[in-house]
Amino acid sequence: MTTGRSLFARQLVTFVVPLLVLLGVALIPYIWILLASFKTRGELISPEPKWIFDPTSINYTDIIYKGFDGYLMNSVIIGFSSTALCVFVGTLAAYGFSRFKIPAGNHLFFYILATRLGPPVAYALPMYLIFRDLGLVNTYAGVILAHTTFNLVLVVWMMRSFFDDVPREIEEAAYLDGCGHFRVFLQITLPMTYPGLAAVSIFVLIFSWNELLFALILTGGDTRPLTVMIPSLVLHTGTQWGQVASASIIQSIPVLVFIFFIQKKLVQGLTFGAVKG
């Protein structure tokens, strides 16, 4: 009995306590923003933090009157469209790098990775000039293509490693049964990489959802996303912290919902393999 208790105490100190500390570090800023979104401006700028207060919805009402729903819809269109395009193109490219002999394939793969080595601001001006000549400035397509350009590297790099882990013998057996390349890819190989698809989709959506630079220079008017709207709450008379907090809370909800549902696919993919296929 004593040995069992000591083992439990050791596991508690080794695993549970560090996890609780990490959970606290991750959640405390979010909890602070959540509380701030229900405070008045006076309570937010008070020298002494107020933990007990009467919650108000005035901050959420104010950002709705400022057209917040339109900015949110723009973020949804840009974020999810960019994610779908990245995953579609990047998955096909990663499968090609993994399964076929491409001339100078390693050099080409390194070149694709090298496009992400430079800072995005270095590409801002030439990309703006190119998109202006193509008529893509102030359009959804322009910023979606810009996000896809930078996030596609992540999809190709990660998905190639997942495809490399799929045994080639399974595909060869399918070829012997008369399956073509696309059928093998769609019905056998792709389902076995569900964990990779889920993880890549989450990363790409987060990067596109939170991107500011290209959203700022390539959008305007009715196409601006939330990441451009929130800085506009910083006025010469002072920052509207309550509205910033409420906008941040609402902005995080679609991503949290997406991650919640796609995590189920991630768990299903971890248990989906050659034996089950």
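## The cavity

By class, four nonpolar, five polar and one charged residues surround the largest cavity in this predicted model. The count of cavities of 30 Å³ or more comes to one, and the volume of the largest cavity is about 40 Å³.

Who sits around it? The lining is made up of Ser-75, Ile-78, Gly-79, His-147, Ser-208, Trp-209, Glu-211, Ala-215, Pro-225 and Thr-227. Two elements, α4 (68-99) and α10, give two or more residues each to that lining. Helix α4 has the largest share, with three residues.

## The largest pocket

Next come the pockets, starting with the largest, which has a volume of about 260 Å³. If you want to find it in the structure, look for Tyr-30, Ile-33, Ile-206, Trp-209, Asn-210, Ser-248, Ile-249, Gln-251, Ser-252, Val-255 and Leu-256, which line it. Trp-209 is a name to remember here, since it lines the largest pocket and also appears in the lining of the largest cavity.

Which elements each supply at least two residues of this lining? They are α1 (2-36), α10 (194-210) and α13 (241-270). Of the lining, α13 provides the largest share, six residues. Sorted by class, you get seven nonpolar residues, four polar ones and no charged ones.

## The second largest pocket

The second largest pocket holds about 160 Å³ of space. Around it you'll find Arg-116, Pro-120, Ala-146, His-147, Phe-150, Asn-151, Phe-207, Ser-208, Glu-211 and Phe-214. Some of these names have come up already: His-147, Ser-208 and Glu-211 line this pocket, and they are also among the residues around the largest cavity.

Helices α7 (140-165) and α10 each bring at least two residues to the lining of the second largest pocket. The largest share, four residues, belongs to α7. By class, five of the lining residues are nonpolar, three are polar and two are charged. The lining of the largest pocket, for its part, has no charged residues.

## Salt bridges

How many salt bridges does the structure hold? There are two. One of them joins the side chains of Arg-99 and Glu-171, at 2.9 Å from N to O. Arg-99 belongs to helix α4 and Glu-171 to helix α8 (residues 168-176), so this pair ties together parts that lie 72 residues apart in sequence. Both partners, Arg-99 and Glu-171, are buried.

The side chains of Asp-133 and Arg-132 also meet in a salt bridge, at 3.7 Å from N to O. Is Asp-133 buried or exposed? With 60% relative accessibility, Asp-133 counts as exposed, because the cut-off for that label is over 50%. Arg-132 has a relative accessible area of 47%, so it is partly exposed.

## A nonpolar patch on the surface

Now for the outside. A nonpolar patch on the surface is formed by Phe-15, Val-16, Leu-19, Leu-20, Leu-22, Leu-23, Leu-27, Ile-31, Leu-35, Trp-51 and Ile-52. Taken together, these residues have about 1200 Å² of accessible area.

Leu-23 makes a handy example from the patch. This residue lies in helix α1, the helix that also supplies at least two residues of the lining of the largest pocket. With a relative accessible area of 44%, Leu-23 is partly exposed.

## Two spots in the loops

Where does Gly-118 lie? It is in the loop between α5 (105-114) and α6 (120-133). Gly-118 is partly exposed, at 23% relative accessible area, because buried means under 20%. Along the chain, Gly-118 and Phe-260 are 142 residues apart, and 33 Å separates their C-alpha atoms.

Asn-138 sits in the loop between α6 and α7. What is notable about its backbone is phi: the angle is near 65°, a positive value in a residue other than glycine. Asn-138 counts as partly exposed, with 42% relative accessibility.

Terms used:
Residues numbered from 1 in each chain as written. Predicted model: local features only at pLDDT ≥ 70, side-chain atom pairs only at ≥ 80, totals over all residues. Heavy atoms only, no water. 1 Å grid on protein atoms, 1.4 Å probe; cavity = no way out; pocket = protein on both sides within 12 Å on 5 of 7 lines; lining within 4 Å. Points joined across faces, edges and corners; volume = space filled by probe spheres on them. Nonpolar A, V, L, I, M, F, W, Y, C, P; charged D, E, K, R; others polar. Salt bridge = Lys/Arg side-chain N within 4 Å of Asp/Glu carboxyl O. Buried < 20%, exposed > 50% of the residue type's maximum accessible area, 1.4 Å probe, protein only. Patch = residues over 30% accessible without salt bridge, like charges linked within 9 Å, V, L, I, M, F, W, Y side chains within 5 Å. Areas by Shrake-Rupley, 256 points an atom, 1.4 Å probe, with all protein chains shown as cover.
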